[in-house]
Amino acid sequence: IPLAERTGLISPLTSWVLNEALAQCRSWRDESLPLGVAVNLSGRSLQDPSLLDLVGEALHRWRVDPSCLTIELTESSIMSDPDHVMTVLDGLRALKVQLSIDDFGTGYSSLSHLRLLPVDEIKIDKSFVMEMLVNPSDDAIVRSTIQLCHNLDRKVVAEGVENAAIYARLQDLGCDLAQGFHIARPMPPTD
């Protein structure tokens with residue numbers, strides 16, 4: 001990704017990934033599988049003035065309901081230029097796609113920004129989740145983040161769920177969604 005950003009190839013790469021993801025989503029939908037897709041955007045993509053058109057055109061091309069697409073943005077990319085990013089997020093929100101903050105807890109966002117961001121979900125970074133059973137501080141961070149996000153009416157996703165014990169702890173804490181090798185390893189779309 002950094003190489004693509006430096007060489008100016010991030011825009012065509014973003015377009016390709018978005019179209020591949022939505023084509024797969026369309027295929028699943030045609031098979032009556034109610035699955036959505038999530039696409040990570042780089043910080044540089046947020047500076048691309050054609051981003052909103054790109055997303056809108058891809059949704060239209062593949063006839064995918066916008067609610068089936070989640071755009072994931074890292075906390076640090078949002079904080080790089082908060083005023084501009086807020087405008088982009090409002091534009092994406094107008095397209096009715098889902099918005100997610102990825103790797104939450106590793107960047108420099110403030111609570112004042114978090115409460116204003118028009119996002120649907122927060123993804124707790126795996127560095128906290130993976131150690132939460134052996135590190136009381138990580139457990140407290142995960143627990144507090146879940147409570148905070150629920151109080152702000154946001155869904156919470158825990159990244160890096162590698163075993164049943166962590167999964168059970170997250171269930172006890174009321175975490176909405178989880179991802180990690182305990183749930184499934186990467187697999188072909190047909191699986």
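Is Arg26 buried or exposed, and with what relative accessible area?

1. Start with that arginine, bearing in mind that this is a predicted model. Arg26 comes out buried, because its relative accessible area is 16% and the cut-off for buried is under 20%. The residue is part of helix H2. Leaving aside residues up to four places away in sequence, Arg26 touches Trp62, Arg63 and Val64.

2. Now the helix itself. H2 runs over residues 10-30, and its 21 residues should span 30 Å at 1.5 Å a residue. The C-alpha atoms at its ends are 30 Å apart, so the expected span and the model agree. Right after H2 comes Ser32, with a positive phi of about 60°.

3. Arg26 has company. The buried residues of H2 also include Ile10, Thr14, Leu18 and Asn19, and further along the helix Ala21, Leu22, Cys25 and Trp28. And what covers them? Among the covering elements are two helices, H1 (2-7) and H3 (51-61), along with two strands, E1 (37-41) and E2 (69-74).

4. Pro12 is another H2 residue to look at. With a relative accessibility of 45%, Pro12 counts as partly exposed, since that class lies between the buried limit of 20% and the exposed limit of 50%. If you want a long-range distance to check on screen, try Pro12 to Val157: the two are 145 residues apart in sequence, and their C-alpha atoms are 29 Å apart in space.

5. Next, the loop that joins H2 to E1, where Gly36 is found. Gly36 has a relative accessible area of 45% and is therefore partly exposed. Its contacts, not counting residues up to four places away in sequence, are Cys25, Trp28, Arg29 and Cys68. Two of these names have come up already: Cys25 and Trp28 are on the buried list for H2. There is also a C-alpha distance to note here, with Gly36 and Leu177 separated by 14 Å although they sit 141 residues apart along the chain.

6. On to helix pairs. H3, which helps cover the buried residues of H2, also packs with helix H5 (residues 82-94). The angle between H3 and H5 is about 20°, and their axes are 10 Å apart. That angle makes the two helices roughly parallel, because the class takes in angles under 35 degrees. Their crossing is right-handed.

7. Which residues make the contact of H3 with H5? From H3 come Leu51, Leu52 and Val55, and they meet Val88, Gly91 and Leu92 of H5. By class, that gives five nonpolar residues, one polar and no charged.

8. The second pair is H8 (residues 136-151) with H9 (residues 164-173). Here the packing angle is about 40°, with the axes 10 Å apart. H8 and H9 are therefore oblique to each other, as an angle has to be under 35 degrees to count as roughly parallel. The crossing of H8 past H9 is right-handed.

9. As for side chains in that second pair, Asp139, Val142, Arg143 and Ile146 of H8 meet Arg169, Leu170 and Leu173 of H9. The contact holds four nonpolar residues, no polar ones and three charged ones. Set that beside H3 with H5, where the tally is five nonpolar, one polar and no charged.

Definitions and conventions
Residues are numbered from 1 along each chain as its sequence is written. This is a predicted model: local features need pLDDT of at least 70, side-chain atom pairs count only at pLDDT 80 or more; totals for chains, interfaces and linings use all residues. Side-chain values use heavy atoms; hydrogens and water are left out. Helices (H or I, at least four residues) and strands (E, at least two) are DSSP runs, numbered from the N terminus. The expected span of a helix is 1.5 Å times one less than its number of residues. Buried means under 20% relative accessible area, exposed over 50%, partly exposed in between (1.4 Å probe, protein chains only). Contact means heavy atoms within 4.5 Å. Axes are lines fitted to C-alpha atoms, for helices over the stretch in contact, and angles run from 0 to 180 degrees between N-to-C directions. Angles under 35 degrees count as roughly parallel, over 145 as roughly antiparallel, 65 to 115 as roughly perpendicular and the rest as oblique. A crossing is left-handed if the near helix is turned anticlockwise from the far one by less than a right angle, and right-handed if clockwise. Ala, Val, Leu, Ile, Met, Phe, Trp, Tyr, Cys and Pro count as nonpolar, Asp, Glu, Lys and Arg as charged, and the others, Gly among them, as polar.
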